[in-house]
Structures are given as C-alpha cells and as structure tokens.
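Opening a fresh notebook page for this one. I want to look up the strands first, then the surroundings of the ligand.

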Amino acid sequence: MSIRGVELGLRGLGKAIANRTILHDINLEIKPGEFIAIIGKSGCGKTTLLRLIAGLTEPTIGQVALDNSPLAGLNPAARVMFQDARLLPWKRVWENVALGLPNLNPEHALQALHQVGLADRAYDWPLGLSGGERQRLALARAIANMPSLLLLDEPFGALDALTRIEMQQLVEQLWRAQGFTAILVTHDVEEAIALADRVLLIQNQHIALNLPIHLPRSRQRGSAEFAAIKEQLLGAIFGAGYPLTSRVVGA
Ligand SMILES: Nc1ncnc2c1ncn2[C@@H]1O[C@H](COP(=O)(O)OP(=O)(O)OP(=O)(O)O)[C@@H](O)[C@H]1O
C-alpha cells in the first residue's frame, strides 16, 4: 500500500457557537494514513470537530494544519460520508458517483462501484437500493477520486448490525488499499476499537482520552484484549455511573 494520506495538525483549536463553547483547546497531530475514531456522548462536539477538519466551519480560535499548511476554507483533501447517503434519486447509480466529482472519468465511477461490490447495480435507480447498498454507493462516491482524507460521520448508524459489520470491513479494506487518512465519528465503541489506530474521547469540550489501540489488525471482537479496551473506554465515558448493567441488576 502506498501511503497517500494527509498529515493533520489541530493546534489550539476552539469553537464557540452562539456564545457557547463547544470545543476548547483541541491539540492533536494525525499521521499520514492513520485511522482515528472519535467517540463521546451525544452533543459533545464530535460532528463539530469533523466539520472543522473538513473546513465546513471556521474555528473560533486556533488552526487546522493540512500537511503543515494552515487550512483556509474547504479542505481540498477531504471527502465526507454522512449517516444518510444524500443521493440524487433521478440519477442512476453510476451518475450519483460521477456527479459529485466534476472531473471524474465515468470509468472511475464504475471502478469505484466495483470496489464496493455494487458494479452490477450501476445502471439502476438509487430508489431500488437497500439501506446498506445506499451506503455502499455513498462510500463509492467518497472514494472514487482517491481522496487523501476520508471523514466518516456516523456512516453506519442507521444500518442493521450485520450490514454494519460488513461495511466496517469494507472501509478497512479500502483504507488499506488506498492509504488515505481516515477519521470516523461513531457512537459505537466496538466499531471504534475494530477500526482505529487511535480512539479519541471528547468530553467537557476537549480530548479527554487519546487511546492508541495496540491490537493486531485482524481484531477479534470476542478476545479478552478487545473486551478490556471496551471496558476502559466505557469506564471513561460513564465514569462512576459504569458498569450500567450491574446498576440495573442491583436496582
Ligand atoms: N449550528 C448550530 N447552532 C447552535 N448549536 C449548535 C450548532 N451546531 C452544533 N451545535 C451544538 O453544539 C453541540 C455539539 O454538537 P455536535 O453535533 O458537534 O455534537 P455530536 O457530538 O456530534 O452529537 P451527536 O452524537 O448527537 O451527533 C451541541 O450541543 C449542538 O446543539
């Protein structure tokens, strides 16, 4: 694999919205080709952090550096994938890939569809696709131009558990093949551990935990090591309120 991913620096980054501090003093260096997962309770600022990295919103203070140059405006390296696929229903599947990318060769659209296992649906309408297939299409659109940064905002949140695991494996496979830097926002602690080199926990407006995952890439969800990391992360999120199960049992 050739590493083509961007290097990112978040330097003293802060964001206030309507006079309320959402994020404060965020400092982080992300290596080229690294896979980062961001977790934290609802409303803690995960999407806001992703939007700052995408250049969709400006920091109130501090800087996002892209390969050591300050980012101004939209991040040219980034493609974003959201929880909803945001498809154009009046365009065929392959056109949905090609349209988002004005300079894209239609052959590349077909190739991207092939990479996500949707080549045989290229000439169908998106309305006929299942939820999982719609997200495959969104993923094809995101990777078709070989981005050097892929930002994933809870992309599998609406999928059933089995499809979700299939999609996670697909993202990992594409990440290995293309070498982009990946940042995944998720509510699913297992998803974060399964995919990431490092898991960040956002709490109290900043990065409360920055945990490298030293597991082999063939991660076994049932393994004791995996379970121990999950416990550590859930403990950090819920503090004294965890473990929830024993609380419920003892109630
Ligand atoms: N445009 C906006 N106007 C006002 N408040 C906003 C705006 N965007 C975000 N916020 C607030 O900022 C906080 C962080 O929002 P953000 O969407 O980043 O959280 P999140 O961690 O991604 O949440 P979730 O996990 O529920 O998606 C929330 O309290 C939200 O209400």
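What is the order of the 4 strands in the open sheet? I read β2-β1-β4-β5, with antiparallel pairing. I'm keeping in mind that this is a predicted model.

Edges next. I find β2 (20–30) and β5 (69–70) there, each pairing on one side only.

Then I went through the pairs that involve β1. Strand β1 covers residues 8–17 and β2 runs antiparallel to it, with 7 bridges joining the two. For a register mark I noted A16, which stands opposite T21 in β2. On β4 (residues 61–66), I count the listed 5 bridges to β1, again in the antiparallel sense. My register mark here is R11, opposite Q63 in β4. A reminder to myself: strands of a sheet pair through backbone hydrogen bonds.

How many residues lie between β1 and β2 in their hairpin? I get 2. A18 sits in that turn, and I wrote down its positive phi of about 50 degrees.

Now the ligand. Which residues are around it? My list reads I17, A18, I22, G40, S42, G43, C44, G45, K46, T47 and T48. So A18 turns up twice in my notes: in the hairpin turn and around the ligand.

I also checked which element gives the most to this shell, and it is helix α1 (residues 46–54), with 3 residues. By character, I have the shell down as 4 nonpolar, 6 polar and 1 charged.

Notes:
Residues are numbered from 1 along each chain as its sequence is written. This is a predicted model: local features need pLDDT of at least 70, side-chain atom pairs count only at pLDDT 80 or more; totals for chains, interfaces and linings use all residues. A residue is near a molecule or strand if its C-beta atom, placed from the backbone, lies within 6 Å of it. Ala, Val, Leu, Ile, Met, Phe, Trp, Tyr, Cys and Pro count as nonpolar, Asp, Glu, Lys and Arg as charged, and the others, Gly among them, as polar. Two strands pair if DSSP finds at least two bridges between them.
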